[in-house]
Amino acid sequence: MPDRPSNAAVSVREYLYVDTLRVRTLLAQLSSGLPETRRSDHTRQWTASLTDLDSPQHDEGTRSQEVRSLADLHVAMLEDDAEYAQMLLDVSDVSKKPKNWNRGRIHRALNLGSLIRVKGPTSIIYPASFAASVNAFSSVTDDSTFSRDVEKIVNAMYGEHLTLRVYPCGQDEWDYQFSGVISDPGNYLAGEKTVLFSRLGADPQEWTTLATISRIPERDTISPTIRYERIMATLQEAMADGEVNRQVLERMIQETSRAMEGFGFSEAPTWPAISVIPLAVYRSVQPSKITPELEQSD
């Protein structure tokens, strides 16, 4: 049995979410060009502690938990390998400065598809659960119109996915954010989506997010209203003479998407926010302590 690490070497994480499919895909590409000896001591310790997934004596529940633990481990491995290959950029500190957002500095430093890590106040919202709660509350009232309207709006704007927002400059600086949609393709959050609000509450908490850059929007000097008016004119052009101009129609679809973003009807962010694909959300677990204040007699 291997020696246990000292207390100073123990590193424990609480994982809120892992995109198991994307993490494994990226890890496989990085690992093929890096030797196993590049793993950190912490990663090797975590690897040694995992139970063999091929062991036949475990029931399905235990195996499911082990698969989830393996996904957590893969995140740590991905970070180790990406840092060694200089393909992971930690933007936690630089993104705390509003001027880096206002002046477009952080936007110019990032490339689409690149891997980033950011630690800061984070909200994970499941709008569908909120709509269901409002709907349940209305069942004890005489008027259910409000709940139906809320449900329609939430379904139209968010669907069944979770929304992640990281506010590096603080929640009050709402415009400066990394935002993304958690679709959970690997079913990591199976059975847990509906309890996230009761566990985390409404206020942002300090989490670390590992993500890839999905989209860096540009400054839009055209108001959504003017853009919408242009769309209607374009629609008439597309349907001229009883025929459909596919090129004009596709341009109209693009402009409609931009207008919806400007009106807030789409999850796609507007300047200066940056869109990301969340790969993992976690935080370090720190032990609680009995302080001298608690031991004082009142």
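**Notebook: His107, strand β3 and the salt bridges**

I looked first at His107, whose side chain reaches the backbone oxygen of Pro272 at 2.8 Å. I note at the outset that the model is a predicted one.

**Entry 1: the surroundings of His107**

I located His107 in helix α5, which spans residues 105-109. I then asked whether His107 is buried or exposed. Its relative accessibility is 7%, so His107 counts as buried, the limit for that class being under 20%. I next looked up which residues touch His107, leaving aside its neighbours within four places in sequence. The contacts are Asn100, Trp101, Ile216, Trp271, Pro272 and Ile274. Pro272 thus appears in this list and also supplies the backbone oxygen that the His107 side chain reaches.

**Entry 2: the protein as a whole**

I recorded eleven helices and seven strands in the protein. Of the 298 residues, 35% are buried. I looked up the accessible surface as well, and it comes to about 18500 Å². Carbon and sulfur atoms account for 51% of that surface. For contacts between residues at least 6 apart in sequence, I found that 79% join residues at least 24 apart.

**Entry 3: strand β3 and its partners**

I turned to strand β3, residues 115-125, and asked how many of its eleven residues are buried. The count is eight, and the strand is mostly covered.

I then followed the pairing of β3 with other strands. Strand β2, residues 88-90, pairs with β3 in the parallel sense over three bridges. Here Leu89 stands opposite Ile116 of β3. Strand β4, residues 162-166, pairs with β3 in the antiparallel sense, over four bridges. In that pairing I noted Thr122 with its bridge partner Val166 in β4. Strand β6, residues 205-215, also runs antiparallel to β3, and eight bridges join the two. Gly120 has Trp207 of β6 as its bridge partner.

**Entry 4: salt bridges**

I counted eight salt bridges in the model. I looked up one of them between Asp19 and Arg22, whose side chains meet at 3.0 Å, N to O. Asp19 counts as buried because its relative accessibility is 2%. Arg22, at 37% relative accessibility, counts as partly exposed.

I next asked which residue forms a salt bridge with Glu79. The partner is Arg117, with the closest N and O atoms 2.7 Å apart. This pair links distant parts of the chain, since Glu79 lies in helix α3 (residues 60-84) and Arg117 in strand β3, 38 residues apart. Glu79 is buried, with a relative accessible area of 2%. Arg117 counts as buried too, at 14% relative accessibility.

Glu83 also forms a salt bridge with Arg117, and again the closest N and O atoms are 2.7 Å apart. Glu83 lies in helix α3 and Arg117 in strand β3, so this pair ties together parts that are 34 residues apart in sequence. I found Glu83 to be partly exposed, because its relative accessible area is 38%.

Finally, I asked which residues are joined into one network by salt bridges that share partners. They are Arg13, Glu79, Glu83, Asp90 and Arg117.

Note on methods
Residues numbered from 1 in each chain as written. Predicted model: local features only at pLDDT ≥ 70, side-chain atom pairs only at ≥ 80, totals over all residues. Heavy atoms only, no water. Buried < 20%, exposed > 50% of the residue type's maximum accessible area, 1.4 Å probe, protein only. Contact = heavy atoms within 4.5 Å. Areas by Shrake-Rupley, 256 points an atom, 1.4 Å probe, with all protein chains shown as cover. Pairing = 2+ DSSP bridges. Polar contact = N/O pair within 3.5 Å; in protein donor to acceptor, adjacent residues only side chain to side chain. Salt bridge = Lys/Arg side-chain N within 4 Å of Asp/Glu carboxyl O.
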